Amino acid sequence: IYHFSELRLSYLEKTIMYLQEYGSVYLVRLPVHPKMLDIENSLMPNFNKKINQLAKSRKIPYLDMTDNNEQYEFIDGNHLYKTSGAEVSKKIAEWIIMMK
C-alpha cells in the first residue's frame with residue numbers, strides 16, 4: 001500500500017536548504033507518459049499542492065512540466081527519448097534564465 005511520506009518530504013526540504021547555501025535552487029517536475037501521470041495522480045492527487053507549498057515556504061520556483069506530457073516521446077513511462085530530453089532540457093534552461 002502506497003502512501004505519502006512526510007519523512008521523504010522533510011528530506012527534500014533539507015536537501016533544498018543545503019543546496020541554497022551554495023546557489024539558486026529550482027524544483028522541476030519532469031514530464032512523464034500520460035499513463036504514468038494517471039498512476040501518480042491516483043497515488044497522490046495533491047502532489048502539486050504539496051510541492052507548491054514547499055516551494056513557496058523555501059522561496060524557490062517550481063515548474064510542473066506534466067501539463068505538456070503529450071508533446072514528448074518516452075522510452076518507457078519515465079525516460080524521454082533523446083530528442084525529447086533535449087527539448088525538455090532547453091525549456092528548463094530557458095525557464096531558469098527567465099526566473100533570474
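Lys59 is placed in the loop between helix 3 and strand 2 (62-64). In this predicted model, the phi angle of Lys59 is near 60°, a positive value in a residue other than glycine. Most residues other than glycine have a negative phi. Lys59 is also exposed, because its relative accessible area is 75% and the limit for that class is over 50%.

**Overall architecture**

The loop that holds Lys59 belongs to a chain with 4 helices and 2 strands. Read from the N terminus, the order of these elements is α-β-α-α-β-α. The C-alpha atoms occupy a box of roughly 40 × 35 × 15 Å along the principal axes. Of the 100 residues in the chain, 26% are buried. The accessible surface amounts to about 7,400 Å², and carbon and sulfur atoms account for 57% of that surface.

How do contacts span the sequence? Among contacts between residues at least 6 apart in sequence, 69% join residues at least 24 apart.

**The nonpolar cores**

In soluble globular proteins, nonpolar side chains tend to be buried together. Which residues make up the largest nonpolar core here? This core has 9 residues in all: Leu9, Ile16, Val25, Leu27, Ile51, Leu54, Ala55, Ile60 and Tyr62. At least two of its residues come from helix 1 (6-20), and at least two from helix 3 (47-58). Helix 3 makes the greatest contribution, with 3 residues. A second, separate core has 7 residues, including Leu63, Met65, Val88 and Trp95.

Leu27, a member of the largest core, gives a view of the surroundings. When residues up to four places away in sequence are not counted, Leu27 touches Leu12, Ile16, Ile51, Leu54, Ala55, Ile60, Pro61, Tyr62, Leu63 and Trp95. Among these partners of Leu27 are Leu63 and Trp95, and both of these residues belong to the second core.

**A buried polar residue**

Asn69 is located in the loop between strand 2 and helix 4. Is Asn69 buried or exposed? Its relative accessibility is 1%, so Asn69 counts as buried, the limit being under 20%. The side chain of Asn69 reaches the backbone nitrogen of Val32 at 3.0 Å. Leaving aside residues up to four places away in sequence, Asn69 touches Pro31, Val32, Pro34, Leu37 and Phe74.

**Salt bridges**

Side chains of opposite charge can pair when their charged atoms come close. A search of the whole structure finds 4 salt bridges, and the following table gives three of them, with the distance between N and O atoms.

| Salt bridge | N to O distance |
|---|---|
| Glu6 and Lys50 | 3.8 Å |
| Glu87 and Lys91 | 3.5 Å |
| Lys90 and Glu94 | 4.0 Å |

The pair of Glu6 and Lys50 links distant parts of the chain, with Glu6 in helix 1 and Lys50 in helix 3, 44 residues apart.

The other two pairs in the table lie within helix 4. Glu87 and Lys91 are 4 residues apart in this helix (residues 82-99), so about one helical turn separates them. Lys90 and Glu94 are likewise 4 residues apart in helix 4, which means that about one helical turn lies between them.

How exposed are these four residues of helix 4? Glu87 is partly exposed, with a relative accessible area of 33%, and Lys91 is partly exposed at 29%. In the other pair, Lys90 is exposed, with a relative accessible area of 53%, whereas Glu94 counts as partly exposed at 43% relative accessibility.

**Features of the surface**

Where is nonpolar material found on the surface? Tyr2, Ile39 and Leu43 make a nonpolar surface patch of about 360 Å². Tyr2 belongs to the segment before helix 1. Tyr2 counts as exposed because its relative accessibility is 69%, and exposed residues have over 50%.

Ser24 is found in the loop between helix 1 and strand 1 (27-29). Ser24 is exposed, with a relative accessible area of 58%. The C-alpha atoms of Ser24 and Leu63 are separated by 14 Å, and these two residues are 39 residues apart along the chain. Leu63 is one of the residues in the second nonpolar core.

Definitions and conventions
Residues are numbered from 1 along each chain as its sequence is written. This is a predicted model: local features need pLDDT of at least 70, side-chain atom pairs count only at pLDDT 80 or more; totals for chains, interfaces and linings use all residues. Side-chain values use heavy atoms; hydrogens and water are left out. A nonpolar core is a set of buried Ala, Val, Leu, Ile, Met, Phe, Trp, Tyr and Cys residues joined through side-chain atoms within 4.5 Å. Buried means under 20% relative accessible area, exposed over 50%, partly exposed in between (1.4 Å probe, protein chains only). Contact means heavy atoms within 4.5 Å. Patches are made of residues with over 30% relative accessible area and no salt bridge: like charges are joined within 9 Å, nonpolar side chains (Val, Leu, Ile, Met, Phe, Trp, Tyr) within 5 Å. Accessible areas come from the Shrake-Rupley method with a 1.4 Å probe; for residues, only the protein chains shown count as cover. A salt bridge is a side-chain nitrogen of Lys or Arg within 4 Å of a carboxyl oxygen of Asp or Glu. A polar contact is a pair of N or O atoms within 3.5 Å; within protein, one must be able to donate a hydrogen and the other to accept it, and residues adjacent in sequence count only if both atoms are side-chain atoms.
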